[in-house]
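Subject: Structure handover

Hi,

Here is the structure for you to look over. My notes follow below it.

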Amino acid sequence: MRVHVVSDVHGNTEGLARAGDGADALICLGDLVLFLDYADHSRGIFPELFGVENADRIVELRTARRFDEARDLGRELWAGIDRDAAIEGAVRKQYAEMFAALPTPTYATYGNVDIPSLWPQYAGPGTTVLDGERVEIGGRVFGFVGGGLRTPMRTPFEIGDEEYAAKIEALGEVDVLCTHIPPEVPELVYDTVARRFERGSRALLEAIRRTKPRYALFGHVHQPLAQRVRIGRTECVNVGHFASSGRPWALEW
């Protein structure tokens with residue numbers, strides 16, 4: 001059995017269309033939407049609406065962790081625009097392209113920049129969406145938890161620690177634990193390019209120690225200090241920033 005795993009697709013539809021080649025199934029751990037490409041400020045919803053110069057400025061402010069100034073700039077740019085309608089229209093366009101590119105079968109969960117309420121309209125019969133749920137693939141049990149924890153960035157699908165912990169608890173014991181965000185381990189949550197700690201989950205870390213899955217797979221941190229860390233018998237793997245690499249991570253058994 002061979003399963004390919006991707007995360008943080010961020011608009012890489014071309015790569016996504018090839019991600020399942022040679023695999024029995026594809027797993028997608030979220031962040032399909034590209035709101036703003038921090039490597040190329042001309043790509044994404046934000047520069048399409050407000051231009052590259054404003055994209056440069058907001059990236060500068062966020063990277064410097066000047067979040068209040070970034071929000072002030074955002075309010076100024078969005079003044080007089082129906083923000084929800086503009087974003088939803090752009091996200092719908094991206095989702096239509098990316099869900100159409102997914103192979104059959106695909107098992108997917110949400111990232112923190114995704115909009116879960118729109119997924120049922122675009123996920124075809126070959127795509128199974130899971131959040132706080134389990135599924136058997138090739139004789140192994142996979143558990144899925146989507147979304148991220150609350151941050152100053154205020155991305156679309158951030159939830160409270162207790163709600164997130166409840167979804168982790170609902171999975172019970174699984175062979176492979178699939179989440180968008182990593183467990184709260186310093187080497188796994190520190191982004192070496194953004195030079196900041198992203199939010200990981202302590203509840204996820206505690207579940208890994210308690211239930212001892214064979215693998216814990218996740219994304220979210222684009223350039224982690226460590227891609228792999230072993231916690232007891234569990235191999236914790238950041239499957240990579242698919243938007244830039246275009247390469248899925250392979251799991252075989």
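Cysteines first. The sulfur of cysteine 28 lies 11 Å from the closest cysteine sulfur, that of cysteine 178, which is too far for a bond. Keep in mind that this is a predicted model. A disulfide is a covalent bond between the sulfur atoms of two cysteines. The cut-off used here for such a pair is 2.5 Å. Cysteine 178 is therefore in no disulfide, as its nearest cysteine sulfur, in cysteine 28, is 11 Å away. Across the whole structure, the search finds zero disulfides.

Are these two cysteines buried or exposed? Cysteine 28 is buried, at 1% relative accessible area. Cysteine 178 is buried too, at 0%.

Next, the open sheet. Five strands make it up, in the order 4-3-2-1-15, and the pairing is mixed. Its edges are strand 4 (127–129) and strand 15 (249–252), each of which pairs on one side only. On average, neighbouring strands in this sheet are turned by 20 degrees against each other, direction ignored.

Within that order you will find strand 1 beside strand 2. Strand 1 covers residues 2–6 and strand 2 covers residues 25–28. They pair in the parallel sense, over four bridges. To find the register, start at histidine 4: its bridge partner in strand 2 is leucine 26.

Then there is a hairpin, made by strand 5 and strand 6. Strand 5 spans residues 133–137 and strand 6 spans residues 140–145. This pair is antiparallel, with five bridges. Valine 135 has phenylalanine 142 as its bridge partner in strand 6. Two residues sit between the strands. What phi does glycine 138 take in this hairpin? A positive one, near 55 degrees.

Last, a pocket. The second largest pocket holds about 230 Å³ of space. Which residues line it? Here is the list:

- Gly11, Thr13 and Leu34 are among the lining residues.
- Arg43, Gly44 and Glu48 are also in the lining.
- Ala90, Lys93, Gln94, Glu97 and Met98 complete it.

Helix 5 (residues 83–101) gives the largest share of this lining, with five residues. By type, the lining divides into three nonpolar, four polar and four charged residues.

In short, there are zero disulfides, the open sheet has five strands, and helix 5 is the main contributor to the lining of the second largest pocket.

Best wishes

Notes:
Residues are numbered from 1 along each chain as its sequence is written. This is a predicted model: local features need pLDDT of at least 70, side-chain atom pairs count only at pLDDT 80 or more; totals for chains, interfaces and linings use all residues. Side-chain values use heavy atoms; hydrogens and water are left out. Two strands pair if DSSP finds at least two bridges between them. On a 1 Å grid over the protein atoms alone, a cavity is a set of points where a 1.4 Å probe fits but cannot get out, and a pocket is an open set with protein on both sides within 12 Å along at least five of seven lines; lining residues have an atom within 4 Å of a point. Grid points are joined across faces, edges and corners, and a volume is the space filled by probe spheres set on the points. Ala, Val, Leu, Ile, Met, Phe, Trp, Tyr, Cys and Pro count as nonpolar, Asp, Glu, Lys and Arg as charged, and the others, Gly among them, as polar. Buried means under 20% relative accessible area, exposed over 50%, partly exposed in between (1.4 Å probe, protein chains only). Axes are lines fitted to C-alpha atoms, for helices over the stretch in contact, and angles run from 0 to 180 degrees between N-to-C directions.
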